[in-house]
Amino acid sequence: MIIIDYEACINCGKCEKICPCSVIGFTDHPTIEDPDKCWHCLACVKECPVKAIKLRLPPHIADQRYEMLSYHEGNRVVFQVFRAGELEAEYSFEVRR
Ligand code: SF4
Ligand code: SF4
């Protein structure tokens, strides 16, 4: 399940374009159309230019207080794990782009 921060969102529409499962709709702002289709690929999270999307892992995988953020920083991809809104862990890896 993705969580969109509408305060941070700049309505660019990139999340809707990259989602492979049509979970996200877009007219003048993004909407979550069919959350059950989300396969937690993080594509929309990484694509968002303003870090407005976080991923909450499904209940059979994680405690529902955990959310993930991921983004590219130069030649690295960064993964952050939040618990109840507080940063708990951060990992980054060099990637080929
Ligand atoms: S995590 Fe993947 S499947 Fe889920 S909404 Fe984002 S792009 Fe779509
Ligand atoms: S990619 Fe981010 S900023 Fe762009 S519409 Fe989606 S949530 Fe908003």
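The side chains of Glu67 and Arg56 are joined by a polar contact of 2.6 Å. The model is predicted. Glu67 belongs to strand S5, and Arg56 belongs to strand S4, residues 53–56. Those two strands are linked by two bridges and run antiparallel.

**Glu67 and its surroundings**
- Glu67 has a relative accessible area of 15%, under the 20% cut-off, so Glu67 counts as buried.
- Beyond its neighbours within four places in sequence, Glu67 is in contact with three residues of the 53–56 stretch: Lys54, Leu55 and Arg56.
- Ile3, Gln80, Val81 and Phe82 complete that set of contacts.

**The two faces of strand S4**
- Side chains alternate along S4.
- Ile53 and Leu55 point to one face and are buried.
- Lys54 and Arg56 point to the other face and are not buried.
- Arg56, the polar partner of Glu67, is thus on the face that is not buried.

**Strands beside S4**
- Strand S1, residues 2–4, pairs with S4 in the antiparallel sense.
- Three bridges make up the S1–S4 pairing.
- Ile4 has Ile53 as its bridge partner in S4.
- Strand S5 covers residues 66–73.
- Leu55 has Met68 as its bridge partner in S5.

**Around ligand 1**
- Ile2, Cys19, Pro20, Val23 and Ile24 are among the residues around ligand 1.
- The run from Cys38 to Cys44 also takes part, with Trp39, His40, Cys41, Leu42 and Ala43 in between.
- This shell has 11 nonpolar residues and one polar residue.
- No charged residue is part of the shell.

Note on methods. Residues numbered from 1 in each chain as written. Chains lettered and ligands numbered in written order. Predicted model: local features only at pLDDT ≥ 70, side-chain atom pairs only at ≥ 80, totals over all residues. Heavy atoms only, no water. Buried < 20%, exposed > 50% of the residue type's maximum accessible area, 1.4 Å probe, protein only. Helix = DSSP H or I, 4+ residues; strand = E, 2+ residues; numbered from the N terminus. Pairing = 2+ DSSP bridges. Near = heavy atom within 4 Å. Nonpolar A, V, L, I, M, F, W, Y, C, P; charged D, E, K, R; others polar. Polar contact = N/O pair within 3.5 Å; in protein donor to acceptor, adjacent residues only side chain to side chain. Contact = heavy atoms within 4.5 Å.
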